[in-house]
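Here's a quick tour of a protein model for you to follow along with on screen. Keep the sequence and the 3D view open side by side, and click on each residue as it comes up.

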Amino acid sequence: MEKYYITTPIYYPSANFHIGHCYCTIVSDAIARYKRMKGFDVFFQTGTDEHGQKIQKKAEECGKTPKEYVDEIVADAQDLWKTLNISYDNFIRTTDEDHIECVQKIFKKLYDQGDIYKGEYKGLYCTPCESFWTESQLVDGKCPDCGRDVYEVSEEAYFFKLSKYQDRLVKYYEEHPDFIEPISRKNEMLNNFIKPGLEDLCVSRTSFDWGIPVTFDDKHVVYVWLDALTNYISSLGYLSEDDSNFKKYWPADLHIVGKEIVRFHTIIWPIILMALDIDIPKKVFGHGWLIVNGGKISKSLGNYKDPREYIESYGVDAVRYFALREVPFGSDGNFSEEALISRINGDLANILGNLVQRTISMGHKYFDGKIENKGFEDEISKNFIESIDNLESIVEEKMDKLEISSALEEIFNVLRASNKYIDDTTPWILAKDESLSDQLQTVLYNLIESIRVCANLLKPYLPTTSENILKQINSNDERLSFVNNNKYELNQPEILFKRIDVK
Ligand code: MSP
């Protein structure tokens with residue numbers, strides 16, 4: 001079985017999880033589920049990035065120890081992922097003992113081989129982003145990533161020799177044109193960060209202590225990004241007694257990351273791996289942000305709602321569908337409740353829900369729910385069946401390019417064509433003539449087959465709805481193409497998605 005290792009970023013448990021965090025996780029989940037459906041041995045990992053100055057500060061503000069503080073938020077994150085049906089195989093916490101040990105071993109190894117050395121750091125630091133900056137990188141004197149104040153840091157520190165690996169990194173980009181996607185993000189890395197020259201990276205801090213101690217110099221804690229990036233291999237047992245998962249799943253097939261952290265994943269991370277002499281991930285995909293009213297989502301801007309509120313109001317699959325369908329993967333997209341409702345009414349209720357409801361109701365009305373193929377053929381049906389049969393390969397082509405929204409669009413095109421097939425074949429007229437009974441039954445059979453194939457293809461995206469549809473048509477046939485000889489005994493139809501009254 002071919003393996004597939006996919007990761008989301010590990011989240012800072014420092015703020016409330018919002019719909020933007022869900023976005024990335026839902027997309028990764030859909031890809032993981034899709035690959036499983038295609039027979040891959042998938043390892044899908046998410047988790048939490050729990051160290052650093054930012055978390056220490058937040059914990060202090062709440063009068064808690066950092067560990068007490070993160071434990072609560074991590075439990076909340078796991079609850080949210082469960083509500084969203086996120087099918088991760090592993091949830092890593094950077095406070096896990098085996099992760100800590102792995103980071104310490106890596107730090108020591110890089111130090112012993114001369115890639116980490118001790119020096120003095122003088123420069124600027126952005127605590128919310130846990131990022132070091134130089135004066136020239138600032139925008140209007142502020143952090144170029146988040147626009148907040150930076151402050152001067154001057155402390156003894158360990159440095160990692162990024163500069164030594166610059167040429168090798170550029171060569172790697174050239175030889176692996178698919179490593180960074182979308183392509184615009186690769187150009188940004190080359191032009192903004194690599195061409196001006198990589199500086200050695202400060203990889204330890206002494207001014208706070210909520211981090212992984214450097215084993216041979218314990219007033220230092222490991223820089224949070226070196227700690228965090230290591231999660232992708234520590235979870236697989238790298239440098240531990242049992243590294244069988246590392247041997248099996250590494251290199252990662254896909255790291256999904258937001259656009260602002262592409263730089264960590266495509267510059268620092270590959271260089272760490274080069275220094276460790278292990279393979280580099282096959283692909284890093286930098287997606288865009290979900291924004292609200294043109295801006296970032298945050299409690300202080302007043303545009304924040306707990307994602308569970310949307311799920312309670314509209315259902316988990318409506319939220320998943322919106323995240324997957326609304327925004328082409330890679331671009332920024334606006335999130336609003338109106339847009340969510342419009343997707344529910346337009347696609348989920350009108351196209352999908354209506355088709356299933358109409359078809360099953362006719363099945364009961366005309367044949368007591370017992371439907372089989374009576375072999376009737378005409379041009380309209382032939383074309384319709386052909387479109388069902390072509391769907392699997394079209395979806396595969398889109399998913400291989402991570403064009404998730406287009407993959408869903410294609411499935412919905414067939415659902416739309418199914419509604420049109422009803423309008424074109426007019427079952428209610430066929431039903432008036434007893435001699436057309438076989439034709440009528442075949443039309444309904446073709447429709448149910450279309451629903452069955454689409455429900456199976458929708459599983460990675462809308463797992464609960466797919467299951468519900470397959471239950472309604474009473475089928476456990478997972479084949480992804482039109483089958484001639486199924487026999488259906490339909491259950492009663494149930495409403496899949498209620499139309500939402502915008503008022
Ligand atoms: N802890 C680091 C990642 C370390 S990975 C080795 C981090 N955490 S984060 O919680 O700030 O962000 C996690 C992910 O959520 C990032 O990929 C970020 O881009 C994504 N998002 C945060 N807000 C978002 C939106 N509004 N929209 C889409 N994704 C967003 O960065």
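P251 is found in the loop between α9 (244-249) and β11, and the peptide bond leading into P251 from W250 is cis, with omega near 5°. Keep in mind that you're looking at a predicted model. From here, we'll go through the backbone oddities, one helix, the ligand and then the empty spaces.

**Backbone oddities**

- Some background first: most peptide bonds are trans, and most residues other than glycine have a negative phi.
- Besides the bond from W250 to P251, the peptide bond from E181 to P182 is cis too, and its omega is near -15°.
- You'll find P182 in the loop between β7 (180-181) and α6.
- L239 has a phi near 65°, which is a positive value in a residue other than glycine. Look for L239 in the loop that runs between α8 and α9.

**A helix you can check yourself**

- Helix α15 covers residues 404-425, so its 22 residues should span 32 Å at 1.5 Å a residue. The C-alpha atoms at the ends of α15 are 32 Å apart, which agrees.
- Right after α15 comes T426, with a positive phi of about 40°.

**Around the ligand**

- Which residues come nearest to the ligand? Out of the 24 around the ligand, they are I10, D49, G258, E260 and L290.
- I10 uses its backbone here: a polar backbone atom of I10 is 2.8 Å from a nitrogen atom of the ligand.
- D49 uses its side chain instead, with a polar side-chain atom 2.7 Å from a nitrogen atom of the ligand.
- Y12 has a polar backbone atom 3.1 Å from an oxygen atom of the ligand.
- On its own, the ligand has 660 Å² of accessible area, and the protein covers 94% of that.
- Several elements supply at least two residues each to the shell around the ligand: β1 (3-11), α1 (19-37), α7 (224-229), α8 (231-234) and β11 (254-258).
- By class, that shell has 14 nonpolar residues, eight polar ones and two charged ones.

**The second largest pocket**

- Empty space is found by rolling a probe the size of a water molecule over the atoms.
- The second largest pocket has a volume of about 780 Å³.
- There are 32 residues lining this pocket, and F132, W133, Q137, F193 and R263 lie nearest its centre.
- At least two lining residues come from each of β4 (116-126), β5 (131-133), α6 (183-194), β8 (201-202) and α10 (262-276).
- The lining of this pocket is a mix of 16 nonpolar, seven polar and nine charged residues.

**The cavity**

- How many cavities of 30 Å³ or more does a search of the whole structure find? It finds one.
- The largest cavity holds about 50 Å³ of space.
- Its lining is made up of I19, C22, Y23, I26, L290, V319, F322, A323, F335 and L340. Notice L290, which is also one of the residues that come nearest to the ligand.
- What classes do the residues lining the largest cavity belong to? The lining has 10 nonpolar residues, with no polar and no charged ones.
- Both α1 and α12 (316-325) supply at least two residues of the lining, and α1 gives the most, with four.

Conventions
Residues numbered from 1 in each chain as written. Predicted model: local features only at pLDDT ≥ 70, side-chain atom pairs only at ≥ 80, totals over all residues. Heavy atoms only, no water. Expected span 1.5 Å × (residues − 1). Near = heavy atom within 4 Å. Polar contact = N/O pair within 3.5 Å; in protein donor to acceptor, adjacent residues only side chain to side chain. Areas by Shrake-Rupley, 256 points an atom, 1.4 Å probe, with all protein chains shown as cover. Nonpolar A, V, L, I, M, F, W, Y, C, P; charged D, E, K, R; others polar. 1 Å grid on protein atoms, 1.4 Å probe; cavity = no way out; pocket = protein on both sides within 12 Å on 5 of 7 lines; lining within 4 Å. Points joined across faces, edges and corners; volume = space filled by probe spheres on them.
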